[in-house]
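Ready for some practice in reading a protein structure? Work through each exercise yourself before you look at the solution below it.

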Amino acid sequence: MRLKDLREDNDLTQKAIADKLHIRQNTYCQYENGQRQVPIDTLIKLSHFYGVSVDYILELTDVKDIYPRK
């Protein structure tokens, strides 16, 4: 997943993102390292925070744009 790249591109620490998500830093670290699956609600929060689609985070597309609501 692109979580580490997105975080580093925004000059953020794992602790800063974990605090934003109200989780522990080691939990977020496990998300980045693929040791733990990211819950859907957390994926949505990260998508909104970074302004990218969930598909982009999951590496299903290289297009960062969020899909428009219908």
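**Exercise 1: Charge on the surface**

Task: Which residues form a negative surface patch, and where is Asp-11 found?

Solution. This is a predicted model, so keep that in mind throughout.
- Step 1. Look for the negative patch on the surface: Asp-5, Glu-8, Asp-9, Asp-11 and Glu-59 form it.
- Step 2. Now place Asp-11 along the chain: this residue sits in the loop between α1 (3-9) and α2 (14-21).
- Step 3. Check how open Asp-11 is. Exposed means over 50% relative accessible area. Asp-11 has 73% relative accessibility, so it counts as exposed.

**Exercise 2: The overall fold**

Task: How many helices and strands does the protein have, and what pattern do they follow along the sequence?

Solution.
- Step 1. Count the elements: there are 5 helices and 0 strands.
- Step 2. Read them in order along the sequence, and you get α-α-α-α-α.
- Step 3. Turn to compactness. The radius of gyration is 12 Å, close to the 11 Å that the globule rule gives for 70 residues, so the protein is as compact as a globular protein of that length.
- Step 4. Add the dimensions: the C-alpha trace spans about 35 × 25 × 20 Å along its principal axes.
- Step 5. Finish with burial. Of the 70 residues, 33% count as buried.

**Exercise 3: A nonpolar patch**

Task: Which residues form a nonpolar patch on the surface, and is Leu-60 buried or exposed?

Solution.
- Step 1. Find the members of the patch: they are Met-1, Leu-58 and Leu-60.
- Step 2. Note their area. Together these residues have about 290 Å² of accessible area.
- Step 3. Locate Leu-60, which lies in the segment after α5 (54-57).
- Step 4. Judge its accessibility: Leu-60 counts as exposed because its relative accessibility is 63%.

**Exercise 4: Salt bridges**

Task: How many salt bridges does the count come to? Describe each pair and say where its partners lie.

Solution. Here is the idea to start from: side chains of opposite charge can pair when their charged atoms come close. For this exercise, a side-chain nitrogen of Lys or Arg must be within 4 Å of a carboxyl oxygen of Asp or Glu. With that rule, the count comes to 3 salt bridges.

- Step 1. Begin with Asp-62 and Arg-2, whose closest N and O atoms are 2.5 Å apart. This pair links distant parts of the chain, with Asp-62 in the segment after α5 and Arg-2 in the segment before α1, 60 residues apart.
- Step 2. Compare the surroundings of these two partners. Asp-62 counts as exposed because its relative accessibility is 63%. Arg-2, at 13% relative accessibility, counts as buried.
- Step 3. Go on to Glu-32 and Arg-7, whose side chains meet in a salt bridge at 2.5 Å, N to O. Distant parts of the chain are linked here too: Glu-32 belongs to helix α3 (residues 25-33) and Arg-7 to helix α1, 25 residues apart. Both Glu-32 and Arg-7 are buried.
- Step 4. End with Asp-19 and Lys-15, where the closest N and O atoms are 2.9 Å apart. These residues are 4 residues apart in helix α2, so about one helical turn separates them.
- Step 5. Check the accessibility of this last pair. Asp-19 counts as partly exposed at 41% relative accessibility, and Lys-15 also counts as partly exposed, at 48%.

**Exercise 5: A distance in space**

Task: What separates the C-alpha atoms of Asp-41 and Gly-51?

Solution.
- Step 1. Find Asp-41 in helix α4 (residues 40-50).
- Step 2. Describe its surroundings: with 47% relative accessibility, Asp-41 counts as partly exposed.
- Step 3. Follow the chain to Gly-51, which is 10 residues apart from Asp-41. The C-alpha atoms of the two are separated by 15 Å.

**Exercise 6: Positive phi values**

Task: What is the phi of Asp-11, and what is the phi of His-22?

Solution.
- Step 1. Return to Asp-11 from the first exercise. Its phi is positive, about 50°, although Asp-11 is not a glycine.
- Step 2. Look at His-22, another residue other than glycine: its phi is also positive, near 60°.
- Step 3. Place His-22 in the loop between α2 and α3.
- Step 4. Check its accessibility: His-22 is exposed, with a relative accessible area of 72%.

Key: Residues are numbered from 1 along each chain as its sequence is written. This is a predicted model: local features need pLDDT of at least 70, side-chain atom pairs count only at pLDDT 80 or more; totals for chains, interfaces and linings use all residues. Side-chain values use heavy atoms; hydrogens and water are left out. Patches are made of residues with over 30% relative accessible area and no salt bridge: like charges are joined within 9 Å, nonpolar side chains (Val, Leu, Ile, Met, Phe, Trp, Tyr) within 5 Å. Accessible areas come from the Shrake-Rupley method with a 1.4 Å probe; for residues, only the protein chains shown count as cover. Lys and Arg count as positive and Asp and Glu as negative; His and the chain ends are not counted. The place of a charge is taken as NZ of Lys, CZ of Arg, CG of Asp or CD of Glu. Helices (H or I, at least four residues) and strands (E, at least two) are DSSP runs, numbered from the N terminus. Buried means under 20% relative accessible area, exposed over 50%, partly exposed in between (1.4 Å probe, protein chains only). The radius of gyration is taken over C-alpha atoms; the globule rule is 2.2 Å times the number of residues to the power 0.38.
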